[in-house]
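User: Please go through this structure with me as a series of questions and answers. I would like each answer to end on the value or name asked for.

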2 protein chains.
Amino acid sequence: MTKFSRQREAIKNQLSCRYDHPTAETLYSELKETIPNLSIATVYRNLKQLEEWGEVVAITTDGATRYDANTHPHSHFFCRSCGSVIDLDCDNSDILEIGRRAGIHGVEGCSSNFYGVCSDCCQSIRNEI
Amino acid sequence: MTKFSRQREAIKNQLSCRYDHPTAETLYSELKETIPNLSIATVYRNLKQLEEWGEVVAITTDGATRYDANTHPHSHFFCRSCGSVIDLDCDNSDILEIGRRAGIHGVEGCSSNFYGVCSDCCQSIRNEI
DNA sequence: CCAATAATGATAATGATTATCGTTATTGAT
DNA sequence: ATCAATAACGATAATCATTATCATTATTGG
């Protein structure tokens, strides 16, 4: 039986009101201001738990795992320049359909990462020249 | 100026004649049989180098990074049951196009991971019942 | 209020990867 | 062929992200 925990609620809430897909470490340092004795282990523990419950999704990257409170299947755009991660508003089922047509049986889900230089970075690079 | 290295050639060659997308550790233990004093650091070092040169691609997963000598843009299927990684023969440019239509500028590339239970595992699960 | 136990915080341990550094191998010039 | 310059190596320490352990604290239902 799962019990209430202030820490878990805070983690869930903190993630819900952000759109920058923070890492466990980022969430930890932010939450530490309101919950000073918070442990990094509690953040990892709860993010894992919430992921199992389908309340958050983990975004696997080459570095630290990032988290997203938006559980609707969607893709992400990774800026090669500033490292920001932006939600992509494209239909995930269309991508899944492409995978399903590839001749392999059993394709159930997909996760797509798109790469490039975001418009902000593109702008500042242009200004430097 | 880059110099010849037997180790790098062996790593590249070992990866080229396989289709199971091994990790650095897997390549290391296999290559150790022919190059007994090979160091794991050399494997990591060269895989990173080869990736920079565009001769191999790294496949980012939630566990250890896997490598692929097939540098033609393509997707992978991850079996949830046995953990195998299989090449998906679908057109990557079609997926890229979906991402490009999502309203964000600067989308240059993409990497899609598909998930499910492979036909081998699906078969053995069926046989157990 | 109390017993049962889920969840915590602190921290040790793990797994993957990278950095360091003294030694070895490759290279181009003599 | 020899030599100096330096790329690459092997061994291993260090780092980073994450998980496991465990004694303590908080929540819950009776």
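**Interfaces, domains and DNA contacts**

Chain A and chain B bury about 2300 Å² between them, and carbon and sulfur atoms give 66% of that area. The model is a predicted one.

User: How many residues does the contact take from chain A and from chain B? And which residues of chain A lose the most area to chain B?

Analyst: Chain A gives 32 residues to the contact, and chain B gives 32 residues. On the chain A side, three residues together account for 22% of what is buried there. Those that lose the most area to chain B are I98(A), I104(A) and F114(A).

User: In what order do the helices and strands of chain A run from the N terminus?

Analyst: Chain A has five helices and five strands. Its C-alpha trace spans about 50 × 45 × 20 Å along the principal axes, and 40% of its 129 residues are buried. Read from the N terminus, the order of elements is α-α-α-β-β-β-β-α-β-α.

User: What share of the contacts in chain A with a separation of 6 or more comes from residues 24 or more positions apart?

Analyst: The count covers contacts in chain A with a separation of 6 or more. Within that set, residues 24 or more positions apart account for 46%.

User: Which three residues supply the most of the area that domain 1 of chain A buries against domain 2 of chain A?

Analyst: The domain assignment places domain 1 at 6-68 and domain 2 at 75-128 of chain A, with 22 Å between their C-alpha centres. Eight residues of domain 1 of chain A are in contact with seven residues of domain 2 of chain A, and the two domains bury about 490 Å², 51% of it on carbon and sulfur atoms. Of the area on the domain 1 side, 64% comes from three residues, more than from any other three: H21(A), I59(A) and R66(A).

User: H21(A) has a positive phi although it is not a glycine. Where is H21(A) placed, and is it buried or exposed?

Analyst: Most residues other than glycine have a negative phi. H21(A) has a phi of about 55° and sits in the loop between α1 (6-16) and α2 (24-31) of chain A. Because its relative accessibility is 2%, H21(A) counts as buried.

User: And what are the phi and the relative accessibility of H21(B)?

Analyst: H21(B) lies in the loop between α1 and α2 (24-31) of chain B. Its phi is positive, about 55°, although H21(B) is not a glycine. H21(B) counts as buried, because its relative accessibility is 2%.

User: Turning to the DNA, which residues come nearest to DNA strand D?

Analyst: The surface near DNA strand D divides into seven nonpolar, eight polar and six charged residues. Of the strand atoms within 4 Å of the protein, 71% belong to sugar or phosphate and the rest to bases. Among the 21 residues around DNA strand D, the nearest are T65(A), M1(B), K3(B), S5(B) and T42(B).

User: Which residue of chain B has a polar side-chain atom 3.0 Å from a base nitrogen of DNA strand D?

Analyst: Two residues of chain B can be set aside here, as their partners are phosphate oxygens of DNA strand D: N37(B) has a backbone N or O atom at 3.2 Å, and T42(B) has a polar side-chain atom at 2.3 Å. The polar side-chain atom 3.0 Å from a base nitrogen belongs to R45(B).

User: Which elements give two or more residues to the surface near DNA strand D?

Analyst: Both protein chains contribute such elements. Chain B supplies α1 (6-16) and α3 (40-52). From chain A comes α3 (40-52).

Terms used
Residues are numbered from 1 along each chain as its sequence is written. Chains are lettered from A and ligands numbered from 1 in the order in which they are written. This is a predicted model: local features need pLDDT of at least 70, side-chain atom pairs count only at pLDDT 80 or more; totals for chains, interfaces and linings use all residues. Side-chain values use heavy atoms; hydrogens and water are left out. A residue is near a molecule or strand if one of its heavy atoms lies within 4 Å of it. A polar contact is a pair of N or O atoms within 3.5 Å; within protein, one must be able to donate a hydrogen and the other to accept it, and residues adjacent in sequence count only if both atoms are side-chain atoms. Helices (H or I, at least four residues) and strands (E, at least two) are DSSP runs, numbered from the N terminus. Ala, Val, Leu, Ile, Met, Phe, Trp, Tyr, Cys and Pro count as nonpolar, Asp, Glu, Lys and Arg as charged, and the others, Gly among them, as polar. Buried means under 20% relative accessible area, exposed over 50%, partly exposed in between (1.4 Å probe, protein chains only). Domain bounds come from an automatic or database domain assignment. Contact means heavy atoms within 4.5 Å. Buried area is the accessible area (1.4 Å probe) that two parts lose on being put together, summed over both.
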